[in-house]
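Dear colleague,

I am handing over the structure we spoke of, with my notes set out underneath it. Please read them with the model open beside you.

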Amino acid sequence: MITLFKNPAQIITVDTKGKNYKRGSEMNDIFPLFEHSIVVEDGLIKDFIPNSYVSSKYENEIDLSGRIVLPGLVECHTHTAFAGSRAEEFRLKLKGVDYEEIAKKEGGINKTVTSVREISEEEFYSIVEPRIKYFISQGITTLEIKSGYGLNFENEIKILRLIKKLNDNLPIDIVSTFLGAHTFPKEFKTNHQGYVDEVINRMLPFVAENNLAEFCDVFCEKTAFSINETEQIFEAAAKNNFKLKLHTDQFNSIGGVGIALKYNATSAEHLEVVNSADVEKLASSDTVAVALPGVSFFLGYQFAPARKLIDKDAILALSTDYNPGSSHIANLNFIMSLAALKMKMSIEETISAVTINAAKALNRNHKTGSIEIGKKADFAVFDTNDYADIVYEVGKNLCCMTIKNGNIIHQN
Ligand code: NIG
Ligand code: FE
């Protein structure tokens, strides 16, 4: 089928001239196109035609007058598959107790693990599905979800199967990441190597054989997995053909960036406390630096040096890190505003960071993330005639239509 997406006020193409990512100063070039319509055939972008050439030959036309079209947004780092509430911890946090302190007292990630282990599959599905629909309503057409709240074989698999089912049933692409190494479950509190062995020998091979995840992620941190443990897991993951991601330099800089680069990880994420030497190394690599300013906002501490990373030529992406403990924020548009206000990114840079560069962080950048001929017709349509409003209207959802593979999947 051929569809004409007709007469938008602007098409923010985020064109990469076929390169499929933006590094450093390129992030400012989002290449708006005026007075054009988009021809879509069988879910792919076929052509851009000047409005003055548009005849009435199209069987299907969608009028976008007065609206702005962006590439479908890509949300590249989330922990959306959680159960239970950590509102009690939030109260403690408001009284000044810090995140790592809460985690040590059986709160934090392990509190959510208890809730996930208790919940039935049906109920789990029913609480996670609306969260994904909320992402879709913001113009998100590709979404990553991590496991990491099961922390034993049975429950990690339960989460990954849930993600697979949601991907089958919902109209967006959901990319699954195995994060069995999120923290140590209480059964292995005093036997860390025992848990690493469980991840390597039991979980990873099963997840690989059953195609339950594309990426393997580890939380490399003083209070979680050491450099040595991270390397053991990365070795095994690479042997099982996983692509790699790393949570690193969130609270302490223990050398995670070096490991991410050594294993050619697709992305290194968090980076709130990354040191200057690692900024340089990351910036000159092809590994995407994923900044998560919602965490710094939610926990009240320093932001990742996004400005410095971009100025040094990094490929930088942004994401919510949506989770119940460190960033209970499911609003990507708010994250763009935070990045602009707190990390000194330009509006254009925030757009590149939630489209093409976020797609690169998910290895989907050859198919989506920019409006270029041959790519998927994934669009986010905003009800404004100035794209600056998307970032300037803090916390307000201006998305009025989400289009995936050429089909309208959400409309206000
Ligand atoms: O990305 N850093 C580790 N994991 C999450 C937080 C998870 C939680 O607190 O439930 C993060 O910040
Ligand atoms: Fe995270």
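**Two domains and a metal site**

The domain assignment divides the protein chain into domain 1, which is made up of 2-71 + 370-411, and domain 2, which covers 74-360; please keep in mind throughout that this is a predicted model. Taken over C-alpha atoms, the centres of domain 1 and domain 2 are 29 Å apart, and the contact draws on 36 residues from domain 1 and 39 residues from domain 2.

Between domain 1 and domain 2 an area of about 2800 Å² is buried, with carbon and sulfur atoms giving 62% of that area. On the domain 1 side, Arg-23, Met-27 and Val-391 together supply 25% of the area buried against domain 2, which is more than any other three residues provide.

Arg-23 also appears among the charged pairs, since it forms a salt bridge with Asp-286 in which the closest N and O atoms are 2.8 Å apart. Across the interface of the two domains the rule finds three salt bridges, and the count of residue pairs in polar contact between domain 1 and domain 2 is 17.

As for the elements involved, the side of domain 1 that touches domain 2 receives two or more residues from each of strand 7 (68-71), strand 16 (379-382), helix 15 (389-392), strand 17 (399-404) and strand 18 (407-411). Strand 17 gives the largest share, four residues, and by class this side of domain 1 has 18 nonpolar, ten polar and eight charged residues.

The iron ion (ligand 2) has as its protein donors His-77 (NE2), His-79 (NE2), His-247 (NE2) and Asp-321 (OD), which lie 2.1 to 2.3 Å from it; their spacing in sequence is H-x1-H-x167-H-x73-D. Because His-247 lies in strand 12 (residues 243-248) and Asp-321 in the loop between strand 15 (316-318) and helix 12 (332-343), this pair ties together parts that are 74 residues apart in sequence.

With best wishes

Conventions
Residues numbered from 1 in each chain as written. Chains lettered and ligands numbered in written order. Predicted model: local features only at pLDDT ≥ 70, side-chain atom pairs only at ≥ 80, totals over all residues. Heavy atoms only, no water. Domains from an automatic or database assignment. Contact = heavy atoms within 4.5 Å. Buried area = accessible area lost by both parts, 1.4 Å probe. Salt bridge = Lys/Arg side-chain N within 4 Å of Asp/Glu carboxyl O. Polar contact = N/O pair within 3.5 Å; in protein donor to acceptor, adjacent residues only side chain to side chain. Nonpolar A, V, L, I, M, F, W, Y, C, P; charged D, E, K, R; others polar. Donors = N, O, S within 2.8 Å, 3.2 Å for Na, K, Ca; no water.
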